[in-house]
Amino acid sequence: MLLLLDIYKKLSSATRDFLEMITAASYHAIAIAIAIAIVLSLIETYSLRVQHEQTTLQILQAKLGAEDLHTQDAAACLEYFVSKAMEQQKAVI
């Protein structure tokens, strides 16, 4: 359980807030979201991170609005992951 708490603390604030929005009855969904975040962090597949962050951003925009700091944080993360995905793609070419 401590390992999950440590991982949770290392997630972006937007991801943490998204997980907190899920109801208490959705522990299974939380575990899956954490597992996805862990896997994406370990394998550095930025294109998948972009997809994940796009979904997070859409949810935050719908729930909190574009002016909310969590939404802006998710937008910044998305911008970072897009740039890393482009770098990774250029390295392959």
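Start by selecting Glu 53, which sits in helix α4 (helices here are DSSP runs of H or I with at least four residues, strands are runs of E with at least two, and both are numbered from the N terminus). Is Glu 53 buried or exposed? Glu 53 counts as buried, because its relative accessibility is 2%; the cut-offs are under 20% relative accessible area for buried, over 50% for exposed and partly exposed in between, using a 1.4 Å probe and protein chains only. Now add Ala 74 to the selection: Glu 53 and Ala 74 are 21 residues apart in sequence, yet 6.8 Å apart in space, C-alpha to C-alpha.

A word on what you have open: this is a predicted model, where local features need pLDDT of at least 70, side-chain atom pairs count only at pLDDT 80 or more, and totals for chains, interfaces and linings use all residues. Residues are numbered from 1 along each chain as its sequence is written, and side-chain values use heavy atoms, with hydrogens and water left out.

**Zoom out**

Switch to cartoon view. You should find five helices and zero strands, running α-α-α-α-α from the N terminus on. Color by accessibility next: of the 93 residues in the protein, 26% are buried. For contacts (heavy atoms within 4.5 Å), take the ones between residues at least 6 apart in sequence: 56% of those join residues at least 24 apart.

**Down the axis of α4**

Back to α4. Its 19 residues should span 27 Å at 1.5 Å a residue, and the end C-alpha atoms are 25 Å apart, which agrees (the expected span is 1.5 Å times one less than the number of residues). Select the buried residues of this helix: Tyr 46, Arg 49, Val 50, Glu 53, Thr 56, Leu 57 and Leu 60. Look down the axis of α4 and these buried residues fall within an arc of 130 degrees, so they line one face of the helix; the arc is taken from the directions that run from the helix axis to the C-beta atoms. Rotate to the face turned away from that buried side, and there you meet the exposed residues Gln 58, Ala 62 and Lys 63. Just after α4, click on Gly 65, which takes a positive phi of about 95 degrees.

**Into the core**

Which residues make up the largest nonpolar core? Select Tyr 46, Val 50, Leu 57, Leu 60, Ala 74, Cys 77, Leu 78, Phe 81 and Ala 85, nine residues in all. The elements that give two or more residues to this core are α4 (46–64) and α5 (69–92), and α5 gives the most, with five. A nonpolar core here means a set of buried Ala, Val, Leu, Ile, Met, Phe, Trp, Tyr and Cys residues joined through side-chain atoms within 4.5 Å. As a general rule, nonpolar side chains tend to be buried together in soluble globular proteins.

**The rings**

Show the aromatic side chains. The structure holds two aromatic pairs (ring centres within 6.5 Å for Phe, Tyr and Trp, the last by its six-membered ring; planes under 30 degrees apart are stacked, over 60 edge-to-face, the rest tilted). Take Tyr 46 and Phe 81: their ring centres are 6.4 Å apart and their planes meet at 35 degrees, so this pair is tilted. The pair links distant parts of the chain, with Tyr 46 in helix α4 and Phe 81 in helix α5, 35 residues apart. Tyr 46 is buried, at 9% relative accessible area, and Phe 81 is buried too, at 14%. Add Tyr 80 to your selection, since ring pairs link Tyr 46, Tyr 80 and Phe 81 into a cluster.

**Thr 71**

Next, pick Thr 71 in helix α5. Thr 71 counts as buried at 2% relative accessibility. What does Thr 71 touch, not counting residues up to four places away in sequence? Leu 57, Leu 60, Gln 61, Leu 64, Gly 65 and Ala 66. For a distance check, Thr 71 and Gln 58 are 8.6 Å apart, C-alpha to C-alpha, and 13 residues apart in sequence.

**Last stop: the salt bridge**

A search of the whole structure finds one salt bridge, meaning a side-chain nitrogen of Lys or Arg within 4 Å of a carboxyl oxygen of Asp or Glu. Select Glu 87 and Lys 84, whose closest N and O atoms are 3.5 Å apart. Both lie in helix α5, three residues apart, about one turn of the helix. Glu 87 is partly exposed, with a relative accessible area of 45%, and Lys 84 is partly exposed at 22%. Finally, keep Glu 87 and bring back Tyr 46: the two are 41 residues apart in sequence and 9.5 Å apart in space, C-alpha to C-alpha.
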